[in-house]
Amino acid sequence: PGVLMVQVRVAQVSADHLVVLAEDLTQARRLEAIRRDFVVNVSHELKTPVGALALLAETVQDAADDPEAVRRFAGRMQAEATRLSALVHEIIELSRLQVAGALGQVGLVDVDTVLSEAVDRARTTAEAKHVRLDIGGVRGTRVLGQHDLLVTAVRNLLDNAVAYSGEASHVGVGVRTEGELVEIAVVDQGIGITAAEQERVFERFYRVDPARSRDTGGTGLGLSIVKHVAADHGGEVTVWSQPGRGSTFTLRLPRAEEQPTPSVTELSVT
Ligand code: ADP
């Protein structure tokens, strides 16, 4: 820390011209440390559902002559397995995003299609809670990037908005343009997040209330994934919230120009 390490390459391009390339190695070291932390976090997070499954399996064996108990424990095993599978899926998604050049091939993405796909996928959980889901705002905006990743990001925000809202409340997703930016805002009237916690919710595996998050099937990775998707698209995600009144998560992405030029995406960490 505090020391900048560079690897320098020099090439002579003509009699009186040298080209000097300096590559920042501190970045590589920082990435290495982040990967190490990630592996430690992941092992810790996987232990909980795996341990619960082992315990439930033992309990089922002990309850073999009580069909009602077997059914109950089997149901809980199924819930744990679903959670474990969501966790593994998100870990894979996040580690893919943490690798350089994660975006790969980019293309013009229609924001309206992204929103309607994300809303469609979030609808089942919303309906189960009688939460109304609405889309609003300007139409026809486009960004340069990867359709599926953007759907995942908006869907994660919508899933949270529904999960941390009460029965029969209202969740909205809206688009507007602000100069060179497209802003996608997901608004809920749910439990909200205190100022101190707002700074932490984008961290990997951070949950304000782990017990509640477990009930909602949360993994603590959703917002971290959104943050990476935003950064890989040259944008950002921010939160405004008041406890007890609700939250608004805003995804800001650069608007695609009429004649898109391929862009090189930079690796984002943290
Ligand atoms: P999780 O899978 O636990 O929802 P996330 O990374 O998506 O993980 O979110 C991290 C934490 O931020 C959540 O556990 C929750 O405490 C808080 N949070 C996220 N979205 C909202 C929201 N819309 N309203 C209130 N709290 C939220």
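## Helix α4

In this predicted model, the 17 residues of helix α4 should span 24 Å at 1.5 Å a residue, and the 24 Å between its end C-alpha atoms agrees with that expectation. The helix covers residues 147–163.

Helix α4 is mostly covered, with 12 of its 17 residues buried. Among the buried residues of α4 are Leu-149, Leu-150, Val-151, Val-154, Leu-157, Leu-158 and Val-162, together with Thr-152 and Asn-156.

## The nonpolar cores

The largest nonpolar core has 48 residues, of which Val-154, Leu-158, Val-171, Val-173, Ile-184 and Leu-251 touch the most other members. Helix α4 gives the most to this core, contributing 9 residues. Apart from this core lies another, made of 5 residues, including Leu-56, Val-60, Ala-63 and Ala-69.

Leu-158 shows how parts of the chain come together. Neighbours within four places in sequence aside, Leu-158 is in contact with Ala-118, Val-119, Ala-122, Leu-133, Val-171, Val-173 and Val-186. Of these partners, Ala-118, Val-119 and Ala-122 are also among the buried residues of helix α3.

## Helix α3

Helix α3 runs over residues 111–128; its 18 residues should span 26 Å at 1.5 Å a residue, and its end C-alpha atoms are 26 Å apart, in agreement. The helix nevertheless has a kink of about 45 degrees, centred on Ala-122. Just after α3, His-130 takes a positive phi of about 55 degrees.

The buried residues of α3 are Val-111, Asp-112, Val-114, Leu-115, Ala-118, Val-119, Ala-122 and Ala-126. Ala-122 is thus both buried and the centre of the kink. The buried residues of this helix pack against strands β3 (107–110), β4 (132–137) and β5 (142–145), and also against α4, β6 and β7.

## Strands β6, β7 and β9

Strand β6 (residues 170–178) pairs with strand β7 (residues 181–187) in the antiparallel sense, over 7 bridges. Within this pair, Val-175 stands opposite Ile-184 in β7. The two strands form a hairpin with 2 residues between them, and Gly-179 in the turn has a positive phi of about 60 degrees.

Strand β7 also pairs with strand β9 (residues 246–254), again in the antiparallel sense and over 7 bridges. Here Val-187 stands opposite Thr-248 in β9. In a regular strand, side chains alternate between the two faces of the sheet. Val-171, Val-173, Ile-184 and Leu-251 are among the residues that touch the most other members of the largest nonpolar core.

Conventions: Residues are numbered from 1 along each chain as its sequence is written. This is a predicted model: local features need pLDDT of at least 70, side-chain atom pairs count only at pLDDT 80 or more; totals for chains, interfaces and linings use all residues. Side-chain values use heavy atoms; hydrogens and water are left out. A nonpolar core is a set of buried Ala, Val, Leu, Ile, Met, Phe, Trp, Tyr and Cys residues joined through side-chain atoms within 4.5 Å. Buried means under 20% relative accessible area, exposed over 50%, partly exposed in between (1.4 Å probe, protein chains only). Helices (H or I, at least four residues) and strands (E, at least two) are DSSP runs, numbered from the N terminus. Contact means heavy atoms within 4.5 Å. Two strands pair if DSSP finds at least two bridges between them. The expected span of a helix is 1.5 Å times one less than its number of residues. The bend at a residue is the angle between axes fitted to the seven residues ending there and the seven starting there.
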